[in-house]
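Biologist: Before I ask anything, could you put the sequence and the fold up where we can both look at them?

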Amino acid sequence: MQRGDVVDAVIAERDDATVVVSVGASSGLVSAKDPHPATIYNMVLGYATAFAYGIALARPDRRTIVIDGDGSMFAGIQALGTLARFPVDNLTVVVVANGIWGTGDGNIATTPGSAEQLAAIARACGHPGDRVFVTAKAAELRALLARAKREPGPWIACAVTERSSTDRSGARPRVQLDSLEAADLTRRYLRSGTPPGPLTASNA
Amino acid sequence: MSASAAAIHAGLVAAGIDFCIYLPDSGTGALTELCEADPNITTIVCAREDEGIAMAAGLFVAGRRAVVIMECSGLGYAGLILARCKLQRTPVFVLASHGGTIGEQFDYHAGPIMAARGIVDGLHLDNIVLQPGELHDETIRLAFQTVENHRTSMVVFMPPYLDTHRAAR
(Lines give C-alpha, C1' and ligand atoms only; values in the text may rest on other atoms or scores of the structure.)
Protein backbone atom coordinates (compact mmCIF):
# COMPACT_ATOMS: atom_id res chain seq x y z
CA MET A 1 0.00 0.00 0.00
CA GLN A 2 1.15 3.51 -0.81
CA ARG A 3 0.59 6.58 1.35
CA GLY A 4 -1.78 7.84 -1.35
CA ASP A 5 -3.87 4.69 -0.96
CA VAL A 6 -4.30 5.46 2.74
CA VAL A 7 -5.39 9.01 1.94
CA ASP A 8 -7.74 7.75 -0.77
CA ALA A 9 -9.35 5.28 1.63
CA VAL A 10 -9.91 7.96 4.26
CA ILE A 11 -11.39 10.34 1.71
CA ALA A 12 -13.64 7.62 0.28
CA GLU A 13 -15.12 6.86 3.70
CA ARG A 14 -14.91 10.32 5.17
CA ASP A 15 -18.34 11.66 4.31
CA ASP A 16 -18.51 14.78 6.48
CA ALA A 17 -16.01 13.75 9.16
CA THR A 18 -13.47 16.18 10.54
CA VAL A 19 -9.95 15.16 9.58
CA VAL A 20 -6.70 16.07 11.32
CA VAL A 21 -3.47 15.28 9.48
CA SER A 22 -0.01 15.25 11.00
CA VAL A 23 2.85 17.22 9.56
CA GLY A 24 4.27 15.91 6.28
CA ALA A 25 3.32 14.38 2.99
CA SER A 26 -0.13 13.14 3.98
CA SER A 27 -1.31 16.70 4.57
CA GLY A 28 -0.46 17.79 1.05
CA LEU A 29 -2.20 14.76 -0.42
CA VAL A 30 -5.39 15.38 1.56
CA SER A 31 -5.33 19.04 0.62
CA ALA A 32 -4.96 18.24 -3.07
CA LYS A 33 -7.51 15.44 -3.21
CA ASP A 34 -10.23 16.56 -0.77
CA PRO A 35 -10.07 20.19 0.38
CA HIS A 36 -12.93 19.74 2.85
CA PRO A 37 -13.26 22.79 5.13
CA ALA A 38 -13.20 20.72 8.33
CA THR A 39 -9.56 19.72 7.98
CA ILE A 40 -6.53 20.53 10.09
CA TYR A 41 -3.28 20.09 8.15
CA ASN A 42 0.32 19.70 9.24
CA MET A 43 -0.43 19.41 12.95
CA VAL A 44 2.91 19.52 14.70
CA LEU A 45 4.77 16.33 15.46
CA GLY A 46 3.27 14.33 18.29
CA TYR A 47 -0.01 16.20 18.66
CA ALA A 48 -2.27 15.21 15.75
CA THR A 49 -4.01 12.42 17.64
CA ALA A 50 -4.46 14.45 20.84
CA PHE A 51 -5.83 17.42 18.88
CA ALA A 52 -8.25 15.18 17.00
CA TYR A 53 -9.26 13.55 20.28
CA GLY A 54 -10.26 16.99 21.57
CA ILE A 55 -12.41 17.60 18.53
CA ALA A 56 -14.02 14.19 18.92
CA LEU A 57 -14.77 14.90 22.59
CA ALA A 58 -16.32 18.23 21.67
CA ARG A 59 -18.54 16.88 18.93
CA PRO A 60 -19.79 13.39 19.79
CA ASP A 61 -22.39 13.81 17.05
CA ARG A 62 -19.69 13.90 14.35
CA ARG A 63 -16.92 11.51 13.39
CA THR A 64 -13.31 12.60 13.56
CA ILE A 65 -10.47 10.89 11.72
CA VAL A 66 -6.78 11.52 12.32
CA ILE A 67 -4.09 10.57 9.83
CA ASP A 68 -0.93 10.37 11.88
CA GLY A 69 2.55 9.19 10.96
CA ASP A 70 4.24 6.38 12.83
CA GLY A 71 6.98 8.73 14.06
CA SER A 72 4.46 11.35 15.13
CA MET A 73 2.23 8.75 16.78
CA PHE A 74 5.13 7.46 18.80
CA ALA A 75 6.16 11.01 19.75
CA GLY A 76 2.69 11.49 21.22
CA ILE A 77 2.17 7.87 22.23
CA GLN A 78 0.66 8.71 25.61
CA ALA A 79 -2.49 9.87 23.78
CA LEU A 80 -3.28 6.22 23.08
CA GLY A 81 -3.30 5.59 26.82
CA THR A 82 -5.57 8.53 27.59
CA LEU A 83 -7.87 7.54 24.74
CA ALA A 84 -8.11 4.00 26.10
CA ARG A 85 -8.89 5.31 29.58
CA PHE A 86 -11.46 7.83 28.38
CA PRO A 87 -12.67 6.35 25.09
CA VAL A 88 -14.82 8.13 22.54
CA ASP A 89 -16.97 6.32 20.01
CA ASN A 90 -16.39 8.72 17.15
CA LEU A 91 -12.61 8.81 16.70
CA THR A 92 -10.63 6.79 14.18
CA VAL A 93 -6.85 6.89 14.29
CA VAL A 94 -5.13 5.95 11.05
CA VAL A 95 -1.36 5.60 11.30
CA VAL A 96 0.71 5.72 8.13
CA ALA A 97 3.32 3.18 9.14
CA ASN A 98 6.16 3.29 6.65
CA GLY A 99 8.82 2.79 9.29
CA ILE A 100 10.87 5.88 8.47
CA TRP A 101 11.01 9.54 9.32
CA GLY A 102 9.65 11.57 6.41
CA THR A 103 12.50 14.02 6.37
CA GLY A 104 15.91 14.43 4.82
CA ASP A 105 16.49 11.54 2.45
CA GLY A 106 13.73 9.57 4.16
CA ASN A 107 15.89 6.64 5.17
CA ILE A 108 16.12 6.84 8.97
CA ALA A 109 13.93 4.38 10.82
CA THR A 110 11.25 5.56 13.24
CA THR A 111 11.33 4.30 16.82
CA PRO A 112 8.38 1.90 16.81
CA GLY A 113 9.86 0.17 13.78
CA SER A 114 6.76 -1.66 12.67
CA ALA A 115 3.01 -1.30 12.49
CA GLU A 116 2.68 -4.48 14.56
CA GLN A 117 4.64 -2.88 17.38
CA LEU A 118 2.42 0.20 17.35
CA ALA A 119 -0.67 -1.98 17.40
CA ALA A 120 0.75 -3.95 20.31
CA ILE A 121 1.31 -0.72 22.22
CA ALA A 122 -2.28 0.33 21.53
CA ARG A 123 -3.58 -2.98 22.84
CA ALA A 124 -1.30 -2.79 25.86
CA CYS A 125 -2.75 0.65 26.60
CA GLY A 126 -6.13 -1.00 26.89
CA HIS A 127 -7.68 -0.66 23.45
CA PRO A 128 -9.76 -3.75 22.68
CA GLY A 129 -8.17 -6.13 20.24
CA ASP A 130 -11.16 -5.94 17.94
CA ARG A 131 -10.61 -2.21 17.53
CA VAL A 132 -6.91 -2.31 16.67
CA PHE A 133 -5.88 -3.40 13.20
CA VAL A 134 -2.79 -3.76 11.07
CA THR A 135 -3.19 -3.96 7.34
CA ALA A 136 -1.04 -3.60 4.25
CA LYS A 137 -3.99 -3.72 1.85
CA ALA A 138 -5.89 -0.65 0.74
CA ALA A 139 -9.16 -2.55 0.30
CA GLU A 140 -8.94 -3.86 3.87
CA LEU A 141 -8.27 -0.39 5.20
CA ARG A 142 -11.23 1.03 3.35
CA ALA A 143 -13.48 -1.75 4.63
CA LEU A 144 -12.31 -1.03 8.17
CA LEU A 145 -13.01 2.69 7.77
CA ALA A 146 -16.47 1.88 6.44
CA ARG A 147 -17.08 -0.31 9.48
CA ALA A 148 -15.90 2.48 11.76
CA LYS A 149 -18.80 4.58 10.49
CA ARG A 150 -21.30 2.00 11.71
CA GLU A 151 -19.75 0.68 14.91
CA PRO A 152 -18.46 2.60 17.93
CA GLY A 153 -14.75 3.14 18.37
CA PRO A 154 -12.24 4.38 19.04
CA TRP A 155 -10.56 2.59 16.15
CA ILE A 156 -6.83 2.27 15.64
CA ALA A 157 -5.72 1.33 12.12
CA CYS A 158 -2.01 0.87 11.49
CA ALA A 159 -1.59 1.03 7.72
CA VAL A 160 1.61 -0.55 6.49
CA THR A 161 2.85 1.56 3.60
CA GLU A 162 5.78 1.35 1.23
CA ARG A 163 8.40 4.04 1.23
CA SER A 164 8.16 6.53 -1.59
CA SER A 165 9.81 9.59 -3.04
CA THR A 166 7.31 11.84 -1.24
CA ASP A 167 8.84 10.79 2.07
CA ARG A 168 11.81 13.05 1.33
CA SER A 169 11.95 16.68 2.36
CA GLY A 170 11.13 18.99 -0.53
CA ALA A 171 9.32 16.29 -2.47
CA ARG A 172 6.08 16.33 -0.57
CA PRO A 173 2.99 18.08 -1.92
CA ARG A 174 2.13 21.36 -0.23
CA VAL A 175 -1.07 22.33 1.51
CA GLN A 176 -2.86 25.24 -0.16
CA LEU A 177 -3.95 26.81 3.14
CA ASP A 178 -1.78 28.02 5.99
CA SER A 179 -2.37 26.86 9.56
CA LEU A 180 -4.53 29.83 10.52
CA GLU A 181 -6.71 29.58 7.43
CA ALA A 182 -7.31 25.87 7.90
CA ALA A 183 -8.04 26.19 11.62
CA ASP A 184 -10.45 29.05 11.00
CA LEU A 185 -12.31 27.17 8.29
CA THR A 186 -12.56 24.13 10.54
CA ARG A 187 -13.69 26.20 13.52
CA ARG A 188 -16.35 27.98 11.54
CA TYR A 189 -17.53 24.77 9.90
CA LEU A 190 -17.83 22.88 13.16
CA ARG A 191 -19.52 25.75 14.93
CA SER A 192 -21.99 26.58 12.18
CA GLY A 193 -22.70 23.08 11.01
CA THR A 194 -22.73 24.34 7.46
CA PRO A 195 -19.89 24.79 5.01
CA PRO A 196 -18.52 28.34 5.27
CA GLY A 197 -17.81 28.38 1.55
CA PRO A 198 -14.55 28.89 -0.24
CA LEU A 199 -11.85 30.97 1.39
CA THR A 200 -11.89 34.45 -0.09
CA ALA A 201 -10.24 37.74 0.70
CA SER A 202 -13.36 38.87 2.55
CA ASN A 203 -13.58 35.91 4.91
CA ALA A 204 -9.92 34.97 5.28
CA MET B 1 -13.20 23.47 51.89
CA SER B 2 -10.48 25.44 50.15
CA ALA B 3 -11.68 29.00 49.73
CA SER B 4 -9.36 29.72 46.79
CA ALA B 5 -10.22 26.50 45.00
CA ALA B 6 -13.92 27.15 45.51
CA ALA B 7 -13.59 30.68 44.17
CA ILE B 8 -11.57 29.57 41.13
CA HIS B 9 -14.07 26.82 40.42
CA ALA B 10 -16.87 29.38 40.70
CA GLY B 11 -15.01 31.50 38.16
CA LEU B 12 -14.74 28.54 35.79
CA VAL B 13 -18.46 27.94 36.14
CA ALA B 14 -19.20 31.62 35.50
CA ALA B 15 -17.00 31.45 32.41
CA GLY B 16 -19.04 28.53 31.08
CA ILE B 17 -16.18 26.04 31.17
CA ASP B 18 -17.49 22.62 30.18
CA PHE B 19 -14.30 20.57 29.90
CA CYS B 20 -11.39 20.23 32.33
CA ILE B 21 -8.27 18.43 31.18
CA TYR B 22 -5.78 17.94 33.97
CA LEU B 23 -2.73 16.14 35.17
CA PRO B 24 -2.89 15.60 38.92
CA ASP B 25 -0.77 17.79 41.18
CA SER B 26 -0.95 18.40 44.91
CA GLY B 27 -1.01 22.14 44.25
CA THR B 28 -4.18 21.92 42.20
CA GLY B 29 -5.83 18.97 43.91
CA ALA B 30 -8.62 20.82 45.69
CA LEU B 31 -9.56 22.54 42.44
CA THR B 32 -9.57 19.43 40.29
CA GLU B 33 -11.65 17.63 42.91
CA LEU B 34 -14.28 20.36 42.56
CA CYS B 35 -14.19 20.03 38.78
CA GLU B 36 -14.54 16.24 39.08
CA ALA B 37 -17.59 16.73 41.29
CA ASP B 38 -19.21 19.23 38.94
CA PRO B 39 -21.79 17.49 36.74
CA ASN B 40 -21.54 20.24 34.14
CA ILE B 41 -17.79 19.84 33.62
CA THR B 42 -16.42 16.80 31.82
CA THR B 43 -13.01 15.90 33.23
CA ILE B 44 -10.26 14.00 31.48
CA VAL B 45 -7.01 13.02 33.20
CA CYS B 46 -4.28 13.30 30.59
CA ALA B 47 -0.93 11.56 30.64
CA ARG B 48 1.19 14.58 29.77
CA GLU B 49 0.39 18.23 30.03
CA ASP B 50 1.24 19.07 26.43
CA GLU B 51 -1.13 16.33 25.32
CA GLY B 52 -3.82 17.99 27.44
CA ILE B 53 -3.15 21.34 25.79
CA ALA B 54 -3.51 19.77 22.33
CA MET B 55 -6.81 18.20 23.42
CA ALA B 56 -8.06 21.53 24.78
CA ALA B 57 -7.15 23.20 21.50
CA GLY B 58 -9.21 20.63 19.60
CA LEU B 59 -12.07 21.22 22.00
CA PHE B 60 -11.95 24.97 21.37
CA VAL B 61 -11.89 24.58 17.60
CA ALA B 62 -15.06 22.50 17.88
CA GLY B 63 -16.84 25.04 20.06
CA ARG B 64 -16.17 23.98 23.64
CA ARG B 65 -14.77 25.94 26.57
CA ALA B 66 -11.93 24.00 28.13
CA VAL B 67 -9.46 24.61 30.91
CA VAL B 68 -6.18 22.74 31.37
CA ILE B 69 -5.01 22.38 34.97
CA MET B 70 -1.46 21.28 35.77
CA GLU B 71 1.67 21.91 37.75
CA CYS B 72 3.65 24.59 35.97
CA SER B 73 6.29 22.02 35.07
CA GLY B 74 3.95 20.85 32.32
CA LEU B 75 4.35 24.13 30.49
CA GLY B 76 7.97 23.14 30.02
CA TYR B 77 6.82 20.36 27.70
CA ALA B 78 4.32 22.48 25.86
CA GLY B 79 6.24 25.11 23.89
CA LEU B 80 5.62 23.59 20.47
CA ILE B 81 1.88 23.01 20.82
CA LEU B 82 1.36 26.40 22.48
CA ALA B 83 3.22 28.03 19.58
CA ARG B 84 1.03 26.22 17.09
CA CYS B 85 -2.05 27.36 18.99
CA LYS B 86 -0.82 30.93 18.80
CA LEU B 87 -0.06 30.59 15.09
CA GLN B 88 -3.56 29.41 14.28
CA ARG B 89 -5.34 31.57 16.89
CA THR B 90 -6.68 28.64 18.85
CA PRO B 91 -6.60 29.71 22.49
CA VAL B 92 -5.92 27.50 25.46
CA PHE B 93 -6.72 28.48 29.04
CA VAL B 94 -4.20 27.06 31.51
CA LEU B 95 -4.28 27.09 35.30
CA ALA B 96 -0.85 26.13 36.64
CA SER B 97 0.36 25.72 40.20
CA HIS B 98 3.46 27.64 41.27
CA GLY B 99 4.91 30.15 38.83
CA GLY B 100 5.04 33.15 41.14
CA THR B 101 8.07 34.62 42.80
CA ILE B 102 7.15 34.36 46.46
CA GLY B 103 6.02 31.65 48.81
CA GLU B 104 7.90 28.72 47.29
CA GLN B 105 8.90 25.98 49.72
CA PHE B 106 11.09 23.50 47.86
CA ASP B 107 14.19 23.95 45.74
CA TYR B 108 13.06 21.36 43.21
CA HIS B 109 10.19 23.58 42.13
CA ALA B 110 12.64 26.20 40.90
CA GLY B 111 13.41 24.26 37.71
CA PRO B 112 9.77 23.82 36.67
CA ILE B 113 9.11 27.50 37.38
CA MET B 114 12.10 28.51 35.24
CA ALA B 115 10.87 26.32 32.39
CA ALA B 116 7.30 27.59 32.70
CA ARG B 117 8.34 31.23 32.76
CA GLY B 118 10.63 30.63 29.79
CA ILE B 119 7.79 29.23 27.71
CA VAL B 120 5.30 31.91 28.76
CA ASP B 121 7.74 34.78 28.27
CA GLY B 122 9.26 33.34 25.10
CA LEU B 123 5.91 32.93 23.40
CA HIS B 124 4.63 36.23 24.83
CA LEU B 125 1.59 34.51 26.32
CA ASP B 126 -0.79 36.50 28.47
CA ASN B 127 -0.31 35.45 32.07
CA ILE B 128 -1.28 36.49 35.56
CA VAL B 129 -0.30 35.38 39.05
CA LEU B 130 -3.21 35.09 41.46
CA GLN B 131 -2.68 37.07 44.64
CA PRO B 132 -3.94 36.47 48.17
CA GLY B 133 -7.14 38.30 48.95
CA GLU B 134 -8.22 38.70 45.33
CA LEU B 135 -11.70 37.89 44.11
CA HIS B 136 -10.47 34.82 42.27
CA ASP B 137 -13.85 33.93 40.80
CA GLU B 138 -14.09 37.26 39.02
CA THR B 139 -10.46 37.16 37.94
CA ILE B 140 -10.93 33.73 36.37
CA ARG B 141 -14.16 34.73 34.66
CA LEU B 142 -12.60 37.85 33.20
CA ALA B 143 -9.42 36.02 32.22
CA PHE B 144 -11.37 33.50 30.18
CA GLN B 145 -13.41 36.31 28.66
CA THR B 146 -10.18 37.68 27.21
CA VAL B 147 -9.05 34.23 26.10
CA GLU B 148 -12.26 33.66 24.20
CA ASN B 149 -12.64 37.11 22.72
CA HIS B 150 -9.01 37.72 21.80
CA ARG B 151 -8.49 34.09 20.86
CA THR B 152 -5.20 34.14 22.69
CA SER B 153 -3.93 31.62 25.21
CA MET B 154 -3.47 32.62 28.82
CA VAL B 155 -1.72 31.06 31.79
CA VAL B 156 -3.00 31.76 35.30
CA PHE B 157 -0.42 30.85 37.91
CA MET B 158 -1.60 29.67 41.31
CA PRO B 159 1.27 29.99 43.82
CA PRO B 160 1.44 27.84 46.92
CA TYR B 161 0.16 30.59 49.18
CA LEU B 162 -3.29 29.90 47.71
CA ASP B 163 -5.10 27.05 49.40
CA THR B 164 -5.73 25.17 46.19
CA HIS B 165 -3.83 22.15 47.47
CA ARG B 166 -5.63 18.90 48.06
CA ALA B 167 -6.20 18.42 51.78
CA ALA B 168 -4.06 15.70 53.36
CA ARG B 169 -6.00 12.58 54.20
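Biologist: Which elements of chain B do the buried residues of H5(B) pack against?

Modeller: Keep in mind that this is a predicted model. The buried residues of H5(B) pack against H4, strand E4 (93-97), strand E5 (126-129) and strand E6 (154-158) of chain B.

Biologist: And what makes a residue of H5(B) count as buried?

Modeller: The cut-off is 20 or more other C-beta atoms within 10 Å of its own. Ile113(B), Ala116(B), Ile119(B) and Val120(B) are the buried residues of H5(B), so each of them reaches that count. They span an arc of only 130° around the axis, which is why they sit on the same side of H5(B).

Biologist: What makes the other residues you'd point to on H5(B) exposed?

Modeller: Exposed means 12 or fewer such neighbours. Ala110(B), Gly111(B), Met114(B), Asp121(B) and Gly122(B) are exposed, and they lie on the other side of H5(B).

Biologist: How do you know what span to expect for H5(B)?

Modeller: Take 1.5 Å times one less than the number of residues. H5(B), residues 110-122, has 13 residues, and the expected value is 18 Å. From first C-alpha to last, H5(B) reaches 18 Å, close to that expectation. After H5(B) comes His124(B), with a positive phi near 55°.

Biologist: Over to chain A. Why are E2 and E5 of chain A said to stand at the edges?

Modeller: The open sheet has six strands in the order E2-E1-E3-E4-E6-E5 (chain A), with parallel pairing. Strand E2 (39-43) and strand E5 (132-135) of chain A each have a single partner strand, so one side of each has no neighbour in the sheet. The average twist from one strand to the next is 15°.

Biologist: What makes E3 and E4 of chain A a pair?

Modeller: Pairing needs at least two bridges. E3 (residues 64-69) and E4 (residues 91-97) of chain A have six bridges, in the parallel sense, so they qualify. In E4(A), Val95(A) is the bridge partner of Asp68(A).

Biologist: Which parts of chain B touch chain A?

Modeller: The contact takes 23 residues from chain B and 24 residues from chain A. Helix H3 (49-61) and helix H4 (79-87) of chain B each give two or more residues to that side of chain B. H3(B) gives the largest share, eight residues. By class, the chain B side has 14 nonpolar, four polar and five charged residues.

Biologist: What do the buried residues of H8(A) pack against?

Modeller: They pack against E1 and E2 of chain A together with H3 of chain B.

How values were computed:
Residues numbered from 1 in each chain as written. Chains lettered and ligands numbered in written order. Predicted model: local features only at pLDDT ≥ 70, side-chain atom pairs only at ≥ 80, totals over all residues. Contact = placed C-beta atoms within 7 Å. Helix = DSSP H or I, 4+ residues; strand = E, 2+ residues; numbered from the N terminus. Nonpolar A, V, L, I, M, F, W, Y, C, P; charged D, E, K, R; others polar. Axes fitted to C-alpha atoms, helices over the stretch in contact; angles between N-to-C directions. Arc of directions from axis to C-beta.
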